[in-house]
Amino acid sequence: VTEAIRQRHPTAEIIIVADNDASGVGKNYADQAAAKYGATVIMPPIEGMDANDYKQAGQDIVGLLQIMGSAMEKKKVIFGDQLPDEWEAPDEIIEGLITSDSISIIYGDSNSGKTFFALSLAASVANGSDCYGRKTEQGIVLYLATEAPGSIRSRLQAIKKHTGQDISNIAMVPVPVNFYSSHADAVDIISVCKEIEKMKRKKVTMIIADTLARISAGANENSGEDMGPVMARFDIIKEETKAAIVIIHHTGKDAARGQRGWSGLRAHVDTEIEVTDKNGDRTVSVTKQRELSSKGDVISFALEVVEMGVSKFGEVSTTCVAVPENSEKKEKRSREDDKTTKYKSDIKDAWLISGMEIQKENPYISRSAFIKYLVEIKGMTKGTADKYMAPKFENGIACPMINCGILDQFGHGFIVIDNDLSSIMMILATEKNTEK
């Protein structure tokens with residue numbers, strides 16, 4: 001009916017008077033029609049009544065339309081003198097990070113750990129426990145596992161096994177939802193939240209959508225015309241549930257330009273959080289914050305491996321959980337990174353001095369040439385240099401460089417297999433030969 005009226009009157013204001021039934025079915029269908037054809041939904045203020053019931057009870061339908069359908073009412077106009085004298089603090093779900101009735105985006109490159117981080121937020125909110133040193137408000141978390149439900153299921157089990165946290169307040173939707181193709185899934189998610197709240201007698205305080213690409217399947221991510229309706233449906237869910245909406249998204253091809261797709265996404269959200277992984281150093285940076293003062297905050301986290309069981313082929317199956325970064329481990333890794341940088345420099349210098357030999361199209365240096373460099377240039381004793389270049393001596397040079405994929409054993413020496421270092425060494429060799 002709404003479609004027929006809209007086709008006949010393209011510019012008319014259409015108001016749907018929905019059935020105010022206890023189940024919410026009337027309003028759900030009215031909302032779907034309104035979203036699709038640009039209408040406004042109102043209901044009789046008495047539960048159990050539709051428009052006819054309201055009229056039969058002696059109430060004024062015309063008055064209902066005039067009052068509830070007025071522009072000021074629809075736009076929720078507030079005058080300055082209606083504001084309270086006392087400042088109202090933002091309703092934080094995670095202290096200094098995420099507020100209720102808001103939309104946040106967590107984005108990062110593939111395998112950066114963004115889903116693991118999001119799940120750690122979910123577990124903290126579900127338990128009301130500290131989250132990376134921040135307080136939380138306990139509530140139900142609804143996880144829309146549209147991208148990889150099997151993986152999310154396993155990771156939730158890992159959180160329970162590894163941390164001992166209760167995950168009974170986390171609910172997962174393991175079937176695809178699509179906020180681009182129609183309004184129906186958004187309406188269903190609102191209904192799911194209400195049913196969960198009725199069953200658990202607790203509020204759904206956070207909804208995590210994983211990922212934006214899957215939940216907007218079929219849409220052109222770079223198009224505001226396509227992505228606008230998707231975000232509008234997130235807005236409807238936020239308005240109806242008052243929950244914190246957290247969307248997981250990806251970085252674009254140029255990581256420096258931030259999240260992928262339509263530029264209007266960043267303007268649309270209240271909080272933007274970037275997850276990065278640089279050689280195992282995983283950080284979370286708050287790059288936008290509308291209500292709170294935490295823009296620029298950085299959280300460090302690590303991924304700890306959890307053994308989940310044995311596969312049908314007898315192999316040990318593992319997954320990870322995100323945990324706060326241990327400062328001692330971080331310092332140790334930083335020292336190891338410094339050593340790696342130093343050893344790379346030694347490899348480069350030893351190769352240049354020894355004659356810049358090439359094997360299998362990569363820089364090659366014999367063990368004896370490297371030992372000679374360590375003795376004559378670095379001042380080591382012959383015995384120490386011999387030990388440092390032993391492929392199985394973990395505190396030397398050769399062993400850690402082999403283990404981290406910089407060198408590979410070949411013949412009586414080593415080939416440089418790290419692409420970046422190999423390229424730099426070849427360029428330096430070309431420049432040196434040109435000078436000669």
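This passage walks through two sheets, a pair of packed helices and one buried threonine in a predicted model.

We can begin with the sheet of 9 strands, which is open and has mixed pairing. Read across, its order is β7-β6-β8-β9-β5-β10-β11-β12-β13. The edges are taken by β7 (170–173) and β13 (316–324); each has a single partner strand, so one side of each is left without a neighbour in the sheet. From one strand to the next, the twist averages 25°. As general background, strands of a sheet pair through backbone hydrogen bonds, either parallel or antiparallel.

Both senses of pairing can be followed in this sheet by starting at strand β5 (residues 102–108). On one side, β5 runs parallel to strand β9 (residues 244–250), and 7 bridges join the two. A handy landmark here is Ile106, which stands opposite Ile248 in β9. Strand β5 also pairs in the parallel sense with strand β10 (residues 271–278), this time over 5 bridges. In that pairing, Ile105 is found opposite Glu272 of β10.

The sense then changes to antiparallel between β10 and strand β11 (residues 281–289), which are joined by 8 bridges. Within this pair, Val275 has Val284 of β11 as its bridge partner. Strands β10 and β11 form a hairpin, with 2 residues between them. In the turn sits Asn279, whose phi is positive, at about 55°.

Strand β8 (residues 204–210) offers a closer look at a single residue, Thr205. Thr205 counts as buried because its relative accessibility is 3%, below the 20% cut-off for that class. Beyond its neighbours within four places in sequence, Thr205 is in contact with Ile93, Val125, Glu137, Gln138, Gly139, Ile140, Ala243 and Ala244. One of these partners, Ala244, belongs to β9 (residues 244–250), the strand that follows β8 in the order of the sheet. Another partner, Val125, lies in helix α6 (residues 114–127), which leads on to the helix packing.

Two packed helices are described by the angle between their axes and the distance between the axes. For helix α6 (residues 114–127) and helix α7 (residues 149–163), the axes come within 11 Å and cross at roughly 55°. That angle makes α6 oblique to α7, and the crossing is right-handed. On the α6 side, the contact is made by Thr115, Phe116, Leu119 and Ala123, while α7 contributes Ile152, Arg155, Leu156 and Ile159. By class, the residues of this contact divide into 6 nonpolar, 1 polar and 1 charged.

The model also holds an open sheet of 4 strands, in the order β14-β15-β17-β16, with antiparallel pairing. Its edge strands are β14 (357–359) and β16 (407–410), each of which pairs on one side only. Ignoring direction, neighbouring strands of this sheet are turned by 40° against each other on average. Edge strand β16 runs antiparallel to strand β17 (residues 413–416), and 4 bridges join them. Gln409 can serve as a marker for this pairing, as it stands opposite Phe414 in β17. Helix α13 (residues 367–376) packs on the sheet, where it touches β15 (362–366) and β17. The direction of α13 makes about 70° with that of β15.

Key: Residues are numbered from 1 along each chain as its sequence is written. This is a predicted model: local features need pLDDT of at least 70, side-chain atom pairs count only at pLDDT 80 or more; totals for chains, interfaces and linings use all residues. Side-chain values use heavy atoms; hydrogens and water are left out. Buried means under 20% relative accessible area, exposed over 50%, partly exposed in between (1.4 Å probe, protein chains only). Contact means heavy atoms within 4.5 Å. Axes are lines fitted to C-alpha atoms, for helices over the stretch in contact, and angles run from 0 to 180 degrees between N-to-C directions. Angles under 35 degrees count as roughly parallel, over 145 as roughly antiparallel, 65 to 115 as roughly perpendicular and the rest as oblique. A crossing is left-handed if the near helix is turned anticlockwise from the far one by less than a right angle, and right-handed if clockwise. Ala, Val, Leu, Ile, Met, Phe, Trp, Tyr, Cys and Pro count as nonpolar, Asp, Glu, Lys and Arg as charged, and the others, Gly among them, as polar. Two strands pair if DSSP finds at least two bridges between them.
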